[in-house]
Every structure is written in structure tokens, then in C-alpha cells.
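The exercises below ask you to work through a single protein model, moving from its strands to its ligand and then to its backbone. Try each task on the structure before reading the solution that follows.

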Amino acid sequence: MVDLSADIGIPLKNPLILTSGILGSSAHLLKRVASSGAGALITKSITEDPRVGHENPTVIEVSEGLILNAMGLPNPGVDIFLNELETLEAVNLPIIPSVAGYSEDEFGRVASRLEDAGFRIIELNISCPHSTALSSKKVIAQDIDKTRRVVNAVRSVTSLKLIVKLSPNVTDIVEFADVAIKAGADALSLINTIEALEVDPYVEAPVLGNVFGGQSGPSIRCIAQRKLTDIALAMWKGEIERVPLIGVGGVRTPKDVFRFLLLGADAVGIGSSILYEDLAIFEDVIEGLEQIMTDKGYDMLDEFRGKVISQILDMTI
Ligand code: SIN
């Protein structure tokens, strides 16, 4: 039996995490995810007030493995979210609320409510590329100063473990990682979706109701791997502080999870691939990962985690 246990500031029975934005703000869905085999789940992003989200269509499959969404952070608001959770019987995995907001104060207030309700760890979603309806304006995670201020604001009002979700839509993601860590992030997750847009050539109009969206699915995996590598290299070289990394982007198979772990991820998010594989993906990926480790003679993740980063360090300047 191999040991899949992982650590992102809290211990996990395995490194697979349901990423935010997919399922998970109702008790019924959280319960389904809890029995899926995932090591942890990140809820849909919660704001202070309810949000209905953007106009339909909010999710489209452009081609196999290339998904665009612009949901607009629909959620019932923190009060209803907490009431809903009270109806949830104890589940056997960590629930990590994702928090979004319009201002640093809103982030702080929602985080405090969650801490008071007994949560130990949250994710700050500062990187949804289309959080404001019909706007192509840059978001918090694309502005170094706003990133610092939001993380600082939450850090100063709570002692929760903070995961900060970074955007790939920046010139230098390492700079943002550094600022988030210095402002109080205990872990980083990356990447959120990639700014994207699709046009219907027959109707001669944008396809998504919100016009602007974010690309996810297997088509973005290598981009996510490159961004993770940039941060891991900076950490391994001692240029920025080392904190746990959650690799997210296009993960669909056990080999994909193994790739992210080789690149130094402490845990790996699975999101859009659930649209193809349903929640059965977690058990399938765990089984496949155990098989890869057994075939290669590994007993635990730390025996190979970051192995390719060490190689890249030796190969590159
Ligand atoms: C959305 O609700 O629009 C997706 C969430 C995200 O991209 O962070």
C-alpha cells in the first residue's frame, strides 16, 4: 500500500482537491464530493451578499478539452452558505471555503465570518478573470498592489490558513506569488482560468452571455505546469519563500497528477474534468496514481515530489 498523504498547511489523506467553482455550495453537493474520495474540497466562491451570476450561456465546450466559462461567481452569500452547512452531517474531509469580494474589506468580513463559524482554512479567489459583468477590466490578482492589500486585509483580521489563488493572466506570476506570501499567504493555488473569448460565426456575436470568460479544461494543462514551474523554481532557488503549492489546470488523468507532483506541487486540483468524468474521477485517479507509484517503487509522495524541478534547475540558466 502506498502512502498518498499530503500537506497544504493542513494534512490531507491524498493530494487531490476539488477546485473551486465546480460544485460545492449546497450541503447535498458537498456530501456527494465528500464520498468521492477527494482529499479536500474547495467550495464555490462565497461573497458577502448573494450573487446571481452572469447571463447565460455561462459555460461552453468550444472543442474537446477546451471549456470557456463566465459564471460570474454565483453563490447564495455567506449567511445562507453557513446556514446550509449547518444541515450537513459531519463529512470525512476538509472543506475549504473559497472567498471572493469586491473590496479588501469584503474579503476581510467574509473571512472573519467563516473563522467564527469554525473553519481553519480558506482560499482567496482574487483571480476570477470575469468577476465583474461585461467588463474587460483587470482583476485583483493582476494588480500587485491590490493583491498585497487584499491578502493583508484578511491576514490582519483572521488567523485562518490562507490559500491565495493566482492568475495566469500576468506577465510575471512569481512576482505575484512573492507579494501574496509576504502579505500572509500560507499556500498558493494556481492557475485560475485563462482570459478567453469565443465568437459564433453564424450569429456573428460573442458566445458567452458575459462576452469575456476564462478557459479551462485539459487544453490549459501545460500552461498551468509552466506557471507552477516558474514559482517552484523561484522557491527552490531561494528567491522567494517556500509555501505549499496546489497545482490546478486541466488535470484529468493519474499521469497528469503525477506530472504536477514531479513539478513540486504539494496537492493537485481537479475541476473542469469533472464535466467529462463526473466525481468518479477522484477514485479513478487515486487508483491510477497508486499504480504508477507501485510500478516505480515509490512508497510516498515526497520520494518524487519536485524531482523534475531539481532536473530543470540543473538544465537551465
Ligand atoms: C465564475 O464563477 O465565473 C468562475 C470562478 C473563477 O473563475 O474563479
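**Exercise 1: the barrel**

In this predicted model, strand β3 (residues 16-18) pairs in the parallel sense with strand β16 (residues 267-270), and three bridges connect them. Determine which residue of β16 is the bridge partner of Ile17, and then establish in which order the strands of the closed barrel run.

Solution. Begin with the pair of strands just named: within β16, Gly269 is the bridge partner of Ile17. Next, follow the pairing around the barrel, which is closed, has eight strands and runs β3-β4-β7-β8-β9-β10-β15-β16 with parallel pairing. Finally, compare the directions of successive strands, for which the twist from one strand to the next averages 25 degrees.

**Exercise 2: the open sheet**

Find the order of the four strands in the open sheet, and explain why β5 and β11 are each left with one side lacking a neighbour in the sheet.

Solution. The order is β5-β6-β14-β11, and the pairing is antiparallel. Because β5 (59-63) and β11 (194-196) stand at the edges and have a single partner strand each, one side of each strand has no neighbour in this sheet. Neighbouring strands of the sheet are turned against each other by 35 degrees on average, with direction ignored. For the pairing in detail, turn to β6 (residues 66-69) and β14 (residues 213-216), which run antiparallel and are joined by three bridges; here Leu68 stands opposite Gln215 of β14.

**Exercise 3: the ligand site**

List the residues that surround the ligand, and identify which polar atoms of Met71, Gly72 and His130 lie within 3.5 Å of a ligand oxygen atom.

Solution. The surroundings consist of Asn69, Met71, Gly72, Leu73, Pro74, Asn125, Cys128, Pro129, His130, Asn192 and Thr193. Taking the backbone contacts, a polar backbone atom of Met71 is 3.1 Å from an oxygen atom of the ligand, while a backbone N or O atom of Gly72 lies 2.8 Å from a ligand oxygen atom. From a side chain, a polar atom of His130 lies 2.7 Å from an oxygen atom of the ligand. As for burial, the ligand taken alone exposes 260 Å², of which the protein buries 93%. The space that the ligand takes is the largest pocket.

**Exercise 4: unusual backbone geometry**

Locate the cis peptide bonds that precede Pro57 and Ile191, and say in which loop Glu204, with its positive phi, is placed.

Solution. The peptide bond from Asn56 to Pro57 is cis with omega near -10 degrees, and Pro57 lies in the loop between β4 (40-46) and β5. A cis peptide bond also joins Leu190 and Ile191, with omega about 15 degrees; Ile191 is found in the loop between β10 (187-190) and β11. Glu204 is not a glycine, yet its phi is positive at about 60 degrees, and this residue is placed in the loop between β12 (199-200) and β13 (205-206).

Terms used. Residues numbered from 1 in each chain as written. Predicted model: local features only at pLDDT ≥ 70, side-chain atom pairs only at ≥ 80, totals over all residues. Heavy atoms only, no water. Pairing = 2+ DSSP bridges. Helix = DSSP H or I, 4+ residues; strand = E, 2+ residues; numbered from the N terminus. Axes fitted to C-alpha atoms, helices over the stretch in contact; angles between N-to-C directions. Near = heavy atom within 4 Å. Polar contact = N/O pair within 3.5 Å; in protein donor to acceptor, adjacent residues only side chain to side chain. Areas by Shrake-Rupley, 256 points an atom, 1.4 Å probe, with all protein chains shown as cover. 1 Å grid on protein atoms, 1.4 Å probe; cavity = no way out; pocket = protein on both sides within 12 Å on 5 of 7 lines; lining within 4 Å. Sits in = over half its atoms within 2 Å of the grid points.
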